[in-house]
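Trainee: I would like to learn how to read a structural model feature by feature. Could we take one example and go through it slowly?

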Amino acid sequence: MSAEPISTAVDTHDEGNVQCWCCDISDAPERMVQLGNHPEVHLCLRCAHFVHQRAWEVEDEGTRGAGAFARGRLRNLRAEVMRRGWHQSRLIGGGLRWLGKYLP
Ligand SMILES: [Zn+2]
């Protein structure tokens with residue numbers, strides 16, 4: 001099996017861009033993540049980060065370790081920040097969004 005991504009006419013759109021299978025955003029193929037066994041599936045970086053975070057959540061369910069506990073607390077903190085809209089604040093929003101990329 002080849003590891004090279006396969007793009008079909010259905011996947012390729014304007015200027016050679018491909019479409020995210022999750023949110024339908026269009027971007028250059030090199031800015032997308034392809035699934036290993038299904039290279040026809042493209043995910044934008046935002047959706048790929050979301051899937052990664054969801055994988056952590058699923059893995060942490062039912063786990064009692066200190067790491068799982070800390071990640072759960074950080075997820076709750078993130079949800080509260082987003083509920084209050086602080087991530088869109090002119091003053092601290094940029095810093096919070098940057099920090100959110102590096103937290104579980
Ligand atoms: Zn997407």
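Mentor: We shall go from the overall fold to the metal site, then to some single residues and finally to the largest pocket. Please keep in mind throughout that this is a predicted model.

Trainee: Let me begin with the overall layout: how many helices and strands are there in the protein chain, and in what order do the elements run?

Mentor: The protein chain holds 3 helices and 4 strands, and, read from the N terminus on, the order of its elements is β-β-β-β-α-α-α. As for burial, 23% of the 104 residues of the protein chain count as buried.

Trainee: Turning to the metal, which atoms are the protein donors of the zinc ion?

Mentor: The protein donors are the SG atoms of Cys20, Cys23, Cys44 and Cys47, which lie 2.3 Å from the zinc ion. Along the sequence these donor residues follow the spacing C-x2-C-x20-C-x2-C. The pair Cys20 and Cys47 links distant parts of the chain, 27 residues apart, with Cys20 in the loop between strand E1 (18-19) and strand E2 (26-27) and Cys47 in helix H1.

Trainee: How should I judge the geometry, and what arrangement do the 4 donor atoms around the zinc ion make?

Mentor: The general reference is that four tetrahedral donors have ideal angles of 109.5 degrees at a metal. Here the 4 donor atoms around the zinc ion subtend angles of 100 to 116°, and the arrangement is therefore tetrahedral.

Trainee: Is Cys20 buried or exposed, and what about Cys44 and Cys47?

Mentor: The cut-off to apply is that buried means under 20% relative accessible area. Cys20 counts as buried because its relative accessibility is 1%; Cys44, which is found in strand E4 (residues 42-44), is buried at a relative accessible area of 8%, and Cys47 is buried at 10%.

Trainee: What is there to notice about the phi of Asp24?

Mentor: As a general idea, most residues other than glycine have a negative phi. Asp24, which lies in the loop between E1 and E2, has a phi near 70°, a positive value in a residue other than glycine. The C-alpha atoms of Asp24 and Cys44 are 8.7 Å apart in space, although the two residues are 20 apart in sequence.

Trainee: Where is Val18 found, and how far apart are Val18 and Ala28?

Mentor: Val18 belongs to strand E1, and with 0% relative accessibility Val18 counts as buried. Val18 and Ala28 are separated by 10 residues in sequence and by 6.1 Å in space, taken from C-alpha to C-alpha.

Trainee: Now for the largest pocket: what is its volume, and which residues are closest to its centre?

Mentor: The volume of the largest pocket is about 890 Å³. Its lining has 24 residues, of which Gln53, Arg78, Met82, Gly100 and Lys101 are the closest to the centre. The elements that give two or more residues to this lining are helix H1 (45-60), helix H2 (66-84) and helix H3 (93-102), and H1 gives the most, with 9 residues. By residue class, the lining of the largest pocket divides into 12 nonpolar, 5 polar and 7 charged.

Trainee: Why does the largest pocket lie between domain 1 and domain 2?

Mentor: Domain 1 (1-53) and domain 2 (62-102) both give residues to the lining of the largest pocket, and so the pocket lies between them. One more pair involves Gln53: its C-alpha atom and that of Leu103 are separated by 8.9 Å, with the residues 50 apart along the chain. Leu103 itself lies in the segment after H3 and, at 29% relative accessibility, counts as partly exposed.

Definitions and conventions. Residues numbered from 1 in each chain as written. Predicted model: local features only at pLDDT ≥ 70, side-chain atom pairs only at ≥ 80, totals over all residues. Heavy atoms only, no water. 1 Å grid on protein atoms, 1.4 Å probe; cavity = no way out; pocket = protein on both sides within 12 Å on 5 of 7 lines; lining within 4 Å. Points joined across faces, edges and corners; volume = space filled by probe spheres on them. Nonpolar A, V, L, I, M, F, W, Y, C, P; charged D, E, K, R; others polar. Domains from an automatic or database assignment. Donors = N, O, S within 2.8 Å, 3.2 Å for Na, K, Ca; no water. Tetrahedral: all angles 85-135°; square planar, octahedral: opposite > 155°, others 65-115°. Buried < 20%, exposed > 50% of the residue type's maximum accessible area, 1.4 Å probe, protein only.
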